[in-house]
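Reader: I have a structure open and should like to talk through its loops, its sheet and its helices. May we begin with the loops?

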Amino acid sequence: MSKEFLYKPTTSTWKIKRLLENDSRLFIIQGGQGAGKTISILMIILDFLNTTYGEVTICSAQSSKLSDTALRDFIKIAQDWNIYNNFKHNSSENTFTNELTNSYCEFIGLDKKDVGKGRRRDIVYINEANKITLQQFTDISARAKLVILDYNPDAYFWAHDLITEDNFINLCYLDNEYLSAQEVANIENYKTLAYNHDGTIRSEYWLNVWKVYGLGEIGSAEGKIFDGWVKTD
């Protein structure tokens with residue numbers, strides 16, 4: 001009997017794969033809670049590493065957070081797919097070398113000065129890109145052939161200025177058909193808390209949470225005092 005994999009492609013995965021076929025160097029993946037964007041990107045990268053020679057950097061704002069999230073998910077997917085043993089894992093440096101393809105992958109936090117700066121890479125994946133600065137993005141991606149960003153759209157930030165019709169996708173929890181019923185209910189409760197029965201807004205706070213984490217749309221930063229600013233010349 002064949003093994004039933006826990007990590008399987010979702011609608012998000014196929015949407016991202018189609019996006020990556022476009023003629024662009026930079027791809028921007030915006031999404032809400034439970035959309036499966038990070039898992040999908042890691043699955044695509046693992047498939048690349050296990051079938052093709054290449055060098056990949058996966059990074060985020062903080063090395064400790066990266067180890068607890070994307071790095072842990074990377075290992076879990078590789079183990080689930082029965083390909084973890086294809087990799088030589090240097091746990092002290094958070095690097096993986098595929099012994100079949102000789103592909104290389106490193107996980108780095110950008111909280112160390114000049115880390116990753118100037119390195120040539122086939123793929124640079126920046127997890128939670130809204131947590132890093134434009135300068136950090138420029139430094140880490142300058143020599144990469146392909147750059148992938150993902151983030152929850154808590155507020156407008158520098159990546160939104162880089163969006164084109166060919167490099168952007170917005171995902172939400174409805175794009176992840178393997179999300180548990182409980183998490184779907186938790187997310188949809190944001191909408192319940194945001195609106196009254198007649199459709200009027202009950203809570204601006206929960207409306208923002210529903211927009212960002214439910215619909216994957218750009219929200220406003222927490223603690224913001226005034227809304228509706230308009231730039232004038």
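Reader: Where is the place of Asn-94?
Author: Asn-94 sits in the loop between strand 3 and strand 4. Please note that this is a predicted model.

Reader: And what is phi of Asn-94 near?
Author: Phi of Asn-94 is near 55 degrees, a positive value in a residue other than glycine. As a general point, most residues other than glycine have a negative phi.

Reader: Does Asn-94 count as buried or exposed?
Author: Asn-94 counts as buried, because its relative accessibility is 19% and the cut-off for buried is under 20%.

Reader: Which loop holds Asn-82?
Author: Asn-82 belongs to the loop between helix 4 and strand 3. Asn-82 comes just after helix 4 and takes a positive phi of about 60 degrees.

Reader: Is Asn-82 buried or exposed, then?
Author: Asn-82 counts as exposed, because its relative accessibility is 56% and the cut-off for exposed is over 50%.

Reader: Let us turn to helix 4. Which of its residues are buried?
Author: The buried residues of helix 4 are Ala-70, Leu-71, Phe-74, Ile-75, Ile-77, Ala-78 and Asp-80.

Reader: What do those buried residues pack against?
Author: The buried residues of helix 4 pack against helix 2, helix 3 (63-68), strand 2, strand 3, strand 4 and strand 5.

Reader: How does helix 4 lie with respect to the strands?
Author: Helix 4 (residues 70-80) lies across strand 2 (55-60), strand 3, strand 4 (95-98) and strand 5 (104-109). Its direction is at about 155 degrees to strand 5.
Author: Helix 5 (residues 134-141) also packs on the sheet, where helix 5 touches strand 1, strand 2, strand 5, strand 6 (121-126) and strand 7 (144-151). The direction of helix 5 makes about 145 degrees with that of strand 7.

Reader: At what angle do helix 2 and helix 4 pack?
Author: Helix 2 (residues 37-51) and helix 4 pack at an angle of about 55 degrees, and their axes are 10 Å apart. That angle makes helix 2 oblique to helix 4. The crossing of helix 2 past helix 4 is right-handed.

Reader: Which residues make that contact?
Author: Helix 2 contributes Ile-39, Leu-42, Met-43, Leu-46 and Leu-49, while helix 4 contributes Ala-70, Asp-73, Phe-74, Ile-77 and Ala-78. In the contact of helix 2 with helix 4, 9 residues are nonpolar, none is polar and 1 is charged.

Reader: Now the sheet. In what order do its strands come?
Author: The 8 strands form an open sheet in the order 3-4-5-2-6-7-1-8, with mixed pairing. Strand 3 (87-90) and strand 8 (168-171) are the edge strands, each pairing on one side only. On average, neighbouring strands of this sheet are turned by 15 degrees against each other, direction ignored.

Reader: How many bridges join strand 1 to strand 8?
Author: Strand 1 (residues 26-31) and strand 8 are joined by 4 bridges and run parallel. In strand 8, Phe-168 is the bridge partner of Ile-28, and Ile-169 stands opposite Ile-29.

Reader: Which side chains of strand 8 are buried?
Author: Ile-169 and Leu-171 are buried and point to one face. Phe-168 and Asn-170 point to the other face and are not buried. In a regular strand the side chains alternate between the two faces of the sheet.

Reader: One more pair of helices, please. How do helix 6 and helix 7 cross?
Author: Helix 6 (residues 181-194) and helix 7 (residues 204-214) cross at roughly 150 degrees, and their axes come within 8 Å. Helix 6 is therefore roughly antiparallel to helix 7. Their crossing is left-handed.

Reader: What meets what there?
Author: From helix 6, Ile-187, Glu-188, Tyr-190, Lys-191, Leu-193 and Ala-194 meet Trp-206, Leu-207, Val-209, Trp-210, Tyr-213 and Gly-214 of helix 7. The residues of this contact of helix 6 with helix 7 are 9 nonpolar, 1 polar and 2 charged.

Reader: Lastly, where does His-197 lie?
Author: His-197 lies in the loop between helix 6 and helix 7. His-197 is exposed, with a relative accessible area of 87%. His-197 and Ile-140 are 57 residues apart in sequence and, C-alpha to C-alpha, 48 Å apart in space.

Definitions and conventions
Residues are numbered from 1 along each chain as its sequence is written. This is a predicted model: local features need pLDDT of at least 70, side-chain atom pairs count only at pLDDT 80 or more; totals for chains, interfaces and linings use all residues. Side-chain values use heavy atoms; hydrogens and water are left out. Two strands pair if DSSP finds at least two bridges between them. Helices (H or I, at least four residues) and strands (E, at least two) are DSSP runs, numbered from the N terminus. Axes are lines fitted to C-alpha atoms, for helices over the stretch in contact, and angles run from 0 to 180 degrees between N-to-C directions. Contact means heavy atoms within 4.5 Å. Buried means under 20% relative accessible area, exposed over 50%, partly exposed in between (1.4 Å probe, protein chains only). Angles under 35 degrees count as roughly parallel, over 145 as roughly antiparallel, 65 to 115 as roughly perpendicular and the rest as oblique. A crossing is left-handed if the near helix is turned anticlockwise from the far one by less than a right angle, and right-handed if clockwise. Ala, Val, Leu, Ile, Met, Phe, Trp, Tyr, Cys and Pro count as nonpolar, Asp, Glu, Lys and Arg as charged, and the others, Gly among them, as polar.
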